[in-house]
Amino acid sequence: MLDRELARKLMEVENLPTLPAVMQQLLAAVENEASSAADITSILERDIAISARILRLANSAFYGLRHKVDTIRRAVVVVGFDVVRMLALATSVFDLFSQRQQYALDPEDFWLHSLGAAKASQLLAREIPGAQPSDSCFTAGLLHDMGKYFLALALKDTYKDVLEMAERSQCLLCEIEKDALAITHCEVAYWLAQKWSLPPVIADAIGNQCRVGDYDGPFWREVSIVSLASDVARHARFGKAGDFSPVTLRGEPLARLALNADLVLGIVDQLSEYHGEAKHFLNALRGR
């Protein structure tokens with residue numbers, strides 16, 4: 001439950017972000033068991049701009065699809081509408097935040113870290129039996145810090161002070177947020193995910209990454225993956241996004257996933273090779 005005063009400030013953010021109509025229709029269609037691949041295709045084809053960007057993202061070296069696709073219809077058929085849906089969601093949420101200016105977080109560092117966590121989540125998901133498809137984990141990784149961005153928009157200098165405290169203390173940002181604000185960016189991310197009716201796997205993964213050991217819901221693998229992916233991204237020099245605590249690739253997420261530390265270090269090495277491709281992907285997200 002959000003603190004009443006904090007909730008008021010969050011709600012007062014100018015033009016409180018809402019997902020575009022095409023994304024709302026897409027999420028509703030996916031939840032409707034009667035919807036077909038043709039229905040999903042039809043919804044996306046109504047928005048030429050977002051369709052073009054989805055295709056650029058899907059065909060990028062950073063995302064790493066095995067098959068090139070030249071139309072939304074072919075993308076839905078070849079790689080599945082879940083992949084297309086997740087790329088549409090990533091594009092929509094990126095637009096919501098990147099169009100709004102805040103001064104607490106460095107935008108380039110923030111999005112670089114988000115992309116690093118997305119790719120790391122994708123790579124980790126492929127190693128975890130029983131995990132949700134890697135496209136879901138990619139999108140969860142990309143959106144895992146959206147609570148920070150929203151807090152920066154809502155609280156302005158107050159959140160800038162929180163980030164400065166985190167840098168000085170080298171403590172976990174979630175701990176500093178809890179002490180200073182009585183809430184964490186993970187809880188705010190979950191609140192946003194609920195408002196936007198995002199898929200449960202996304203909501204749970206981004207909302208519980210700060211409390212991996214306490215979460216016992218159905219998506220415990222994905223929660224652990226996203227939490228670990230954020231550290232993998234920092235280790236591979238994919239930005240910090242306000243987290244200045246020492247990077248550890250051990251701890252609760254690694255234990256819950258029963259991963260070998262050497263395997264995770266190997267993923268760090270793989271991720272380190274994607275810096276150039278990440279910049280191209282970011283430009284594609286921006287529609288450039």
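A polar contact is a pair of N or O atoms within 3.5 Å; within protein, one must be able to donate a hydrogen and the other to accept it, and residues adjacent in sequence count only if both atoms are side-chain atoms. This is a predicted model, where local features need pLDDT of at least 70, side-chain atom pairs count only at pLDDT 80 or more, and totals for chains, interfaces and linings use all residues. Residues are numbered from 1 along each chain as its sequence is written, and side-chain values use heavy atoms, with hydrogens and water left out.

**Exercise 1.** Place Arg 73 and find its partners.

*Solution.*
- Step 1. Find the helix. Arg 73 lies in helix α5, residues 72-79. Helices are DSSP runs (H or I, at least four residues), numbered from the N terminus.
- Step 2. Check exposure. Arg 73 is partly exposed because its relative accessibility is 46%. The class lies between buried (under 20% relative accessible area) and exposed (over 50%), with a 1.4 Å probe and protein chains only.
- Step 3. List contacts (heavy atoms within 4.5 Å). Neighbours within four places in sequence aside, Arg 73 touches Thr 41 and Glu 45.
- Step 4. Look for a polar contact. The side chains of Arg 73 and Glu 45 make one, at 3.0 Å.

**Exercise 2.** Describe the whole protein.

*Solution.*
- Step 1. Count elements. The protein has 17 helices and zero strands. Strands would be E runs of at least two residues.
- Step 2. Get the box. The C-alpha atoms fill roughly 50 × 45 × 35 Å along the principal axes.
- Step 3. Find the buried share. Of the 288 residues, 54% are buried.
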